[in-house]
Amino acid sequence: MTQEIATLAGGCFWCVEAVFDDVIGVESVESGYIGGTVANPTYKQVCGGDTGHAEAIRIAFDPAVISYDDILDIFFHIHDPTQLNRQGNDVGTQYRSAIFPHSAEQEASARHAIERAQSDWDKPVVTTIEPEAPWYVAEDYHQEYFEREGAGNAYCMAVVAPKLQKFRKSYAARLKRQAAAVS
């Protein structure tokens with residue numbers, strides 16, 4: 001099996017990670033930091049907004065099951081790509097909408113995905129395509145955060161849970177749970 005990697009930033013990594021954990025063909029999702037100037041940044045440093053990093057996720061996926069284009073379409077569906085350096089009340093460059101392609105093919109796909117997404121929005125899509133950069137895994141307590149802590153965290157219940165519900169409704173055929181129920 002050939003595995004590919006997608007690196008995406010769409011606001012708080014807890015939100016984006018929770019969605020992609022549910023997607024058929026996604027083998028793993030890791031939260032981390034990318035696109036900044038400080039080596040091995042901490043969550044506190046990134047949240048301060050001075051390192052230039054984005055909160056992001058790195059997705060390992062099976063392209064025979066889900067394409068990079070499909071991953072990008074889901075990405076654009078689950079966050080507001082018209083908000084510059086923010087998602088809702090999360091404000092700062094660390095919450096920017098960005099795609100970090102791992103190849104020329106991924107970069108071309110990202111450009112086409114932005115064009116496709118634009119038709120769904122009245123305002124301009126501000127998602128950037130940024131060069132591949134060092135990836136720093138976020139602290140352990142951020143990994144699978146919604147799965148572990150979501151029900152007990154007010155932010156997660158107000159922000160992550162509705163995004164996840166919207167995704168599950170719109171992409172029922174892409175859900176791991178749905179596939180398990182059919183098998």
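This report covers the aromatic ring pairs of the structure, with Trp14 at its centre of attention.

The model is predicted. A search of the whole structure finds 7 aromatic pairs. In one of them, Trp14 and Tyr145 are stacked, because their ring centres lie 3.8 Å apart and their planes meet at 10 degrees. The cut-off for stacking is under 30 degrees. Trp14 sits in helix H1 (residues 13-20) and Tyr145 in helix H5 (residues 145-149), so this pair ties together parts 131 residues apart in sequence.

Trp14 also pairs with Tyr155. Here the geometry is edge-to-face, with 5.9 Å from centre to centre and 75 degrees between the planes. Tyr155 belongs to helix H6 (residues 154-170), while Trp14 is in helix H1, so the pair ties together parts 141 residues apart in sequence.

How buried or exposed are these rings' residues? The table gives the relative accessible area of Trp14, Tyr145 and Tyr155.

| Residue | Relative accessible area | Class |
|---|---|---|
| Trp14 | 10% | buried |
| Tyr145 | 12% | buried |
| Tyr155 | 24% | partly exposed |

Trp14 and Tyr145 count as buried because their values, 10% and 12%, are under 20%. Tyr155, at 24%, is partly exposed.

Ring pairs also build a cluster: they link Phe13, Tyr33 and Tyr43.

Methods
Residues numbered from 1 in each chain as written. Predicted model: local features only at pLDDT ≥ 70, side-chain atom pairs only at ≥ 80, totals over all residues. Heavy atoms only, no water. Phe/Tyr/Trp six-rings, centres within 6.5 Å; stacked < 30°, edge-to-face > 60°. Helix = DSSP H or I, 4+ residues; strand = E, 2+ residues; numbered from the N terminus. Buried < 20%, exposed > 50% of the residue type's maximum accessible area, 1.4 Å probe, protein only.
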